[in-house]
Amino acid sequence: MIQPQKKILILIVGLLLLSSCASKKDVLYFNDINLKEQDETVFSDGKIQANDILSIVISSSSPELASIYNTNQPALSTINGYLVTIEGAITLPILGKIKVKDLTLLELENLLVQKLIAENHLSNATVTVRLTNAKFTILGEVKNPGTFTFNEQNISLLQALGYAGDLTINGQRQDVLIIREENNKRTYTTIDLTSKKWFDSPYYYIKPNDVIYVNPNGPKVTTSGYVPNLTNLLAVVSIAITTVILLTK
């Protein structure tokens, strides 16, 4: 027959083992993917916002004529492009002030081409617009937290996590927070990386200036000092066991 103190010891060890265990579903991404299925992808064009910096290149079959529209004047542009003001406008050489906020890059390209033709500036103009200061921030339980820039028109949340070296083993995969500022509003949402349900959400592609925060999981919180860490817990358990043994002798 097992002595009382041994029963207590077995119970405590069992509880410690249970509290330290994590299932594969808590760690692996996209547990609900069906390898035999194919899902439609939804591409989302980002809108131009205040404080964006735009690179705008205007060209035509007459390079000499087009060059005057590409002159970088310090009073009108920044070093890397044209800064979108708080009012949502930029000022271009010759063309003047243009409202660009809430347009996509493609819409702005088409708008500038139409303006150049309609106002008899250039008859066969082509315009290329790029966002030069696209960036996002990742904090929390990732290998390389920080602020990152990207040149692509769109990148996915998974690509963004790749920039930061992926989640650490201490990252809470079911509770990744995304903070987004858009149209003078700040929104908050959480993503469960263990499921693919968010693939069809507006958060599959990140937007410039998004903040991504990976919350710590239970074991990380346990060892951070908010609750007793494992070493202290084992010390307390050892004292408790010793006390029980002495009292049951």
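This note goes through the nonpolar core, the main pocket and the salt bridges of a predicted model.

1. Basis. Residues are numbered from 1 along each chain as its sequence is written, and side-chain values use heavy atoms, with hydrogens and water left out. Because the model is predicted, local features need pLDDT of at least 70 and side-chain atom pairs count only at pLDDT 80 or more, whereas totals for chains, interfaces and linings use all residues.

2. Core. The largest nonpolar core (buried Ala, Val, Leu, Ile, Met, Phe, Trp, Tyr and Cys residues joined through side-chain atoms within 4.5 Å; buried means under 20% relative accessible area, exposed over 50%, partly exposed in between, with a 1.4 Å probe and protein chains only) has 43 residues, of which L54, I56, I90, L112, F136, L157 and I212 touch the most other members. Among the elements that each supply at least two residues of this core are β1 (53-59), β3 (89-92), α3 (105-118) and β10 (211-216), and α3 gives the most, with four residues; helices (H or I, at least four residues) and strands (E, at least two) are DSSP runs, numbered from the N terminus.

3. L112. Leaving aside residues up to four places away in sequence, L112 touches I56, L92, L95, I98, V127 and V129, where contact means heavy atoms within 4.5 Å.

4. Pocket. The largest pocket (on a 1 Å grid over the protein atoms alone, an open set of points where a 1.4 Å probe fits, with protein on both sides within 12 Å along at least five of seven lines; lining residues have an atom within 4 Å of a point) has a volume of about 600 Å³, taken as the space filled by probe spheres set on the points. Its lining comprises 30 residues, of which K47, Q49, D52, P208 and N209 are the closest to the centre. By class, the lining has 10 nonpolar, nine polar and 11 charged residues, and β8 gives the most to it, with three residues.

5. Salt bridges. The whole structure holds five salt bridges, each a side-chain nitrogen of Lys or Arg within 4 Å of a carboxyl oxygen of Asp or Glu. One of them joins E109 and R130 at 3.5 Å, N to O; E109 lies in helix α3 and R130 in strand β5, so this pair ties together parts that are 21 residues apart in sequence. E109 is buried, at 13% relative accessible area, while R130 is partly exposed, at 47%.

6. A further pair. E182 and K207 also form a salt bridge, with their closest N and O atoms 2.8 Å apart; the former lies in strand β8 and the latter in the loop between β9 and β10, so parts 25 residues apart in sequence are tied together. E182 is partly exposed at 26% relative accessibility, whereas K207 is buried at 14%.

Technical notes:
Ala, Val, Leu, Ile, Met, Phe, Trp, Tyr, Cys and Pro count as nonpolar, Asp, Glu, Lys and Arg as charged, and the others, Gly among them, as polar.
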